[in-house]
There are 2 protein chains.
Amino acid sequence: MDLFFSPLACSMSGRIALAEAGATVNLIEVDPITKRVLASGEDYQPVNPLGYVPALRLDDGTVLTENSAILQHIADEYPEAELAPPASDRLGRAKLRQWLSFISAELHKGLMTPLLGDQTPAEVKAWTAGKYASRLAHLNEKLAGREFLLDKFSVADAYLATVLNWTRATPEIDLGAYPNVKAYLERMRARPSVAAALATEIPLFRAEMERRKVA
Amino acid sequence: MDLFFSPLACSMSGRIALAEAGATVNLIEVDPITKRVLASGEDYQPVNPLGYVPALRLDDGTVLTENSAILQHIADEYPEAELAPPASDRLGRAKLRQWLSFISAELHKGLMTPLLGDQTPAEVKAWTAGKYASRLAHLNEKLAGREFLLDKFSVADAYLATVLNWTRATPEIDLGAYPNVKAYLERMRARPSVAAALATEIPLFRAEMERRKVA
């Protein structure tokens with residue numbers, strides 16, 4: 001399997017999940033500006049015509065896109081890692097999908113995508129921060145007294161930790177106002193799989209920023 | 001089971017899926033402004049603290065939120081309706097989730113939510129329409145020569161038909177530029193389950209608009 005990623009993008013959750021599973025797959029870096037594989041210069045558009053990461057290329061050549069779908073596929077591929085409730089636990093699976101959808105639609109796409117864009121107009125950022133503040137408050141309530149989103153670590157935590165990590169770059173969000181969320185993110189950053197992913201991807205992200213400056 | 005809905009909201013996809021399955025569940029209308037059950041005045045916040053529809057209340061009282069999770073739960077609850085690839089078809093399920101995630105994050109939350117808000121600033125709408133046009137172009141390509149998103153009708157079609165139907169209210173989007181998408185929506189609107197859902201929900205939506213005017 002090949003996981004196409006860009007440093008610190010939502011694809012980092014796939015890296016975390018694979019590390020939790022002890023799986024070895026090819027991680028292939030895509031430059032998000034040129035939309036090319038960094039090492040080879042190969043065009044990424046044939047892999048995902050929309051140009052965004054992650055994409056998971058299976059051994060038969062099939063490509064999966066959309067992070068929530070990829071994370072569930074990884075969980076199913078390595079069931080012994082217990083990164084999702086067992087398939088027989090229908091309600092547990094439904095709750096996992098509920099969290100993945102909330103993280104993807106409300107937090108990632110609704111809240112963070114506009115705030116992270118360095119070309120996004122200030123009016124758009126202000127509107128976004130106001131509209132989606134309730135989602136952080138909701139998450140803060142849900143995390144009260146909980147270590148993970150579900151009863152144990154799951155791919156939803158890998159995704160949430162990745163998205164919350166972006167708040168380092170969004171001055172519009174003060175995590176101090178959401179203490180359970182802040183404490184959760186600190187716990188996740190200390191988790192070996194997450195700490196290792198950050199240690200690998202932060203230098204790659206800095207290198208990406210340097211390339212952008214030069215270009 | 002109780003499905004909490006608001007007229008023409010994404011909850012309509014649950015109504016369509018249930019009709020396809022021939023299932024009879026309670027459909028409970030929520031006023032999206034007052035966040036109360038229309039018939040009883042009951043507060044909706046205890047059902048979904050975020051206030052949005054749909055929510056699916058199971059017979060044991062468990063509440064599921066997030067449309068993608070609810071649609072997959074409905075598909076699993078009525079397997080004989082074949083609204084999703086069978087659970088044994090892992091790749092088929094992954095492809096279903098890929099579409100559900102694309103519809104939810106890219107089309108619903110990314111593109112349509114800002115365009116539909118009557119309080120959304122014009123700058124936000126313009127930024128959104130520009131940023132997400134590529135998603136409609138992508139969908140248009142994917143629908144070339146296909147009747148459905150997967151090989152047969154699935155809950156992803158129920159969701160996509162519901163979201164595309166909103167383009168009636170978004171002058172920023174000209175479906176004429178995406179002929180396969182336009183033809184798909186016309187086919188879906190002619191499908192009995194979708195036509196029946198629209199015939200039920202359009203008058204309820206008009207009544208909602210009337211209440212808003214009065215308030």
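**Two chains, strand by strand and bridge by bridge**

Student: In what sense do S1(B) and strand S2 (residues 26–31) of chain B pair?

Tutor: Helices and strands here are DSSP runs numbered from the N terminus, with at least four residues for a helix (H or I) and at least two for a strand (E). Two strands count as paired if DSSP finds at least two bridges between them. S1(B) and S2(B) are joined over four bridges, and the sense is parallel.

Student: Before we go on, what kind of model is this?

Tutor: Residues are numbered from 1 along each chain as its sequence is written, while chains are lettered from A and ligands numbered from 1 in the order in which they are written. Local features need pLDDT of at least 70, side-chain atom pairs count only at pLDDT 80 or more, and totals for chains, interfaces and linings use all residues, side-chain values use heavy atoms, with hydrogens and water left out, and the model is predicted.

Student: Back to the strands: which residue in S2(B) is the bridge partner of Phe4(B)?

Tutor: Walk along the S1(B) and S2(B) pairing, which has four bridges. Asp2(B) stands opposite Asn26(B). For Phe4(B), the bridge partner in S2(B) is Ile28(B).

Student: Which residues of S1(B) point the other way from Asp2(B) and Phe4(B)?

Tutor: S1(B) covers residues 2–5, and the four residues named here are all buried. Buried means under 20% relative accessible area, exposed over 50%, and partly exposed in between, using a 1.4 Å probe on protein chains only. Asp2(B) and Phe4(B) take one side, and the other belongs to Leu3(B) and Phe5(B).

Student: Which strands are the edge strands of the sheet in chain B?

Tutor: Five strands make an open sheet with mixed pairing, in the order S3-S2-S1-S4-S5. An edge strand pairs on one side only, and here that goes for S3 (36–37) and S5 of chain B.

Student: Is Leu56(B) buried or exposed?

Tutor: Leu56(B) sits in strand S4 (residues 55–57) of chain B. Beyond its neighbours within four places in sequence, its contacts (heavy atoms within 4.5 Å) include Leu3(B), Leu64(B) and Ile74(B). With a relative accessibility of 0%, Leu56(B) counts as buried.

Student: Over in chain A, which residue shares a polar contact of 3.0 Å with Asp31(A)?

Tutor: Asp31(A) lies in S2 of chain A and, at 7% relative accessibility, is buried. A polar contact is a pair of N or O atoms within 3.5 Å; within protein, one must be able to donate a hydrogen and the other to accept it, and residues adjacent in sequence count only if both atoms are side-chain atoms. The side chain that joins Asp31(A) this way belongs to Arg211(A).

Student: What parts does the salt bridge of Asp76(A) and Arg93(A) tie together?

Tutor: A salt bridge is a side-chain nitrogen of Lys or Arg within 4 Å of a carboxyl oxygen of Asp or Glu. In this one the closest N and O atoms are 2.9 Å apart. Asp76(A) and Arg93(A) lie 17 residues apart in sequence, so the pair ties together helix H2 (residues 67–77) and helix H3 (residues 90–116) of chain A.

Student: How far apart in sequence are the parts tied together by Glu201(B) and Arg15(B)?

Tutor: Their side chains meet in a salt bridge at 2.6 Å, N to O. Glu201(B) is buried at 0% relative accessible area, and Arg15(B) is buried too, at 14%. Glu201(B) belongs to helix H7 (residues 192–214) and Arg15(B) to helix H1 (residues 12–20), so the parts they tie together are separated in sequence by 186 residues.

Student: About how much area do chain B and chain A bury between them?

Tutor: Buried area is the accessible area (1.4 Å probe) that two parts lose on being put together, summed over both. Here 40 residues of chain B touch 40 of chain A. Of the buried area, 60% is on carbon and sulfur atoms, and the total is about 3500 Å².

Student: Which element of chain B gives the most to the side that touches chain A?

Tutor: The rule finds four salt bridges across this interface, and Lys109(A) with Glu106(B) form a salt bridge at 3.1 Å. Strand S5, helix H2, helix H3 and helix H4 of chain B each supply at least two residues. The top contributor, with 15 residues, is H3(B).
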